[in-house]
Amino acid sequence: MATVAGESRRQPTLAEVAAQAGVSMTAASRVINNAPHVSRAKRDAVEKAIRELGYAPSRSARALATRRSGVVALAVSGDDPALFADPFFAHVIVGISAALEETDLHLLLCLGASGRAQARFKGLLGTRAVDGVMLIALRGDDPLVHLVERFGLPTVYGGRPLHGEPAWYVDADNRGGARKATEHLIGLGRTRIAAITGLADTEVGQARHSGFRDAMAIAGLTPHAVQAGNFTVAGGAEAMTALLDARADFDAVLVANDNMAAGALRVLRERGRRVPGDVAVVGFDDLEIATRTDPPLTTVHQPVRALGTEMARMLTALLSGAEPSPLILPTRLVVRESA
């Protein structure tokens, strides 16, 4: 495109180079910075796009791109204090910290719910104050996803986002675990099975609900009732109250996490329903709370601490120039007294 005399031509961006080459921004950045572990085909495509677009990173931009801060960020899409009272996140952070102890990297925790917090996170990414990012607790079309994609830093997802399939993630077999839990209830002879689901705008919430539906369909059963929850103890209590008020004749319930199951058990006890005599209950996660409920909770174990450890290891591998594969961690049923 011709330019008017005296008018400076806009420089193409890294994102435009990546799009022209048909590669990720991470791959384009590696080629520009002559990083190892880039395929010949990708390198050729990026170099061709650079020539066609006339891309020329500035000296300061190249310095930023090649400089290492020694810091990686764990970005959480939320700022509710209750989030950090949840043992799930505590175990994830412990797992991440344990893996990073084997490196020279330091961990920075970022909250990304408010506009101001997202602006600060954007600044960290733009100035390369962090070398890589781990994302967790994503909701819907999360703005944090768009931010990390824009800047092209190495990024590992803890649990897949609801939209899209990132190159690098660590997740648990949520759908398979929920299917196993429902099959256990069916194997106990329960046929009027209800479910308390997780947040509908999360992939984990949808996957666990899908596993429940899978097992019910295979057994030729129709879900007796379904009530949405929010992964908290209070949310489980509210959901169980709603189930009992709407259709109280269910004989089992699959609950999408242990926190909600603890709240549900409390309401069942208050309403005079015997567990597991009248209602069998199964949760998901196998956190400490599952052993302290009355009765102790049958639940699906997922290796939460390993989730954090593998996220950090995957990010460390990316920073070293490797290209690890996504990882799905196995789940298993832990039978206690509630079902």
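**Packing of H11 on H12, and the setting of Val282**

The crossing of helices H11 and H12 is right-handed in this predicted model. Two packed helices are conveniently described by the angle between their axes and the distance separating those axes. Here H11 (residues 233-246) and H12 (residues 258-270) pack at about 45 degrees, and their axes lie 6 Å apart. The two helices are therefore oblique to each other. On the H11 side, the contact is made by Val233, Gly236, Ala237, Met240, Thr241 and Leu244, which meet Asn259, Met260, Gly263, Ala264, Arg266, Val267 and Leu268 of H12. Sorted by class, this contact comprises 8 nonpolar, 4 polar and 1 charged residues.

Attention turns next to helix H9, which covers residues 174-187. Its 14 residues should span 20 Å at 1.5 Å a residue, and the end C-alpha atoms are indeed 20 Å apart, so the two values agree. The buried residues of H9 are Asn174, Gly176, Gly177, Ala178, Ala181, Thr182, His184 and Leu185. Just after this helix, Gly189 adopts a positive phi of about 90 degrees.

Helix H9 also features in the surroundings of Val282, a residue of strand S9 (residues 280-285). Val282 counts as buried because its relative accessibility is 0%. Beyond its neighbours within four places in sequence, Val282 is in contact with Ala181, His184 and Leu185, among others, and these three are also among the buried residues of H9. Further contacts of Val282 include Val253, Leu254 and Val255, as well as Leu297, Thr298 and Thr299, with Leu333 and Ala339 also among them. For Thr299, the C-alpha atom is 5.1 Å from that of Val282, although 17 residues separate the pair in sequence.

Conventions:
Residues are numbered from 1 along each chain as its sequence is written. This is a predicted model: local features need pLDDT of at least 70, side-chain atom pairs count only at pLDDT 80 or more; totals for chains, interfaces and linings use all residues. Side-chain values use heavy atoms; hydrogens and water are left out. Axes are lines fitted to C-alpha atoms, for helices over the stretch in contact, and angles run from 0 to 180 degrees between N-to-C directions. Helices (H or I, at least four residues) and strands (E, at least two) are DSSP runs, numbered from the N terminus. Angles under 35 degrees count as roughly parallel, over 145 as roughly antiparallel, 65 to 115 as roughly perpendicular and the rest as oblique. A crossing is left-handed if the near helix is turned anticlockwise from the far one by less than a right angle, and right-handed if clockwise. Contact means heavy atoms within 4.5 Å. Ala, Val, Leu, Ile, Met, Phe, Trp, Tyr, Cys and Pro count as nonpolar, Asp, Glu, Lys and Arg as charged, and the others, Gly among them, as polar. The expected span of a helix is 1.5 Å times one less than its number of residues. Buried means under 20% relative accessible area, exposed over 50%, partly exposed in between (1.4 Å probe, protein chains only).
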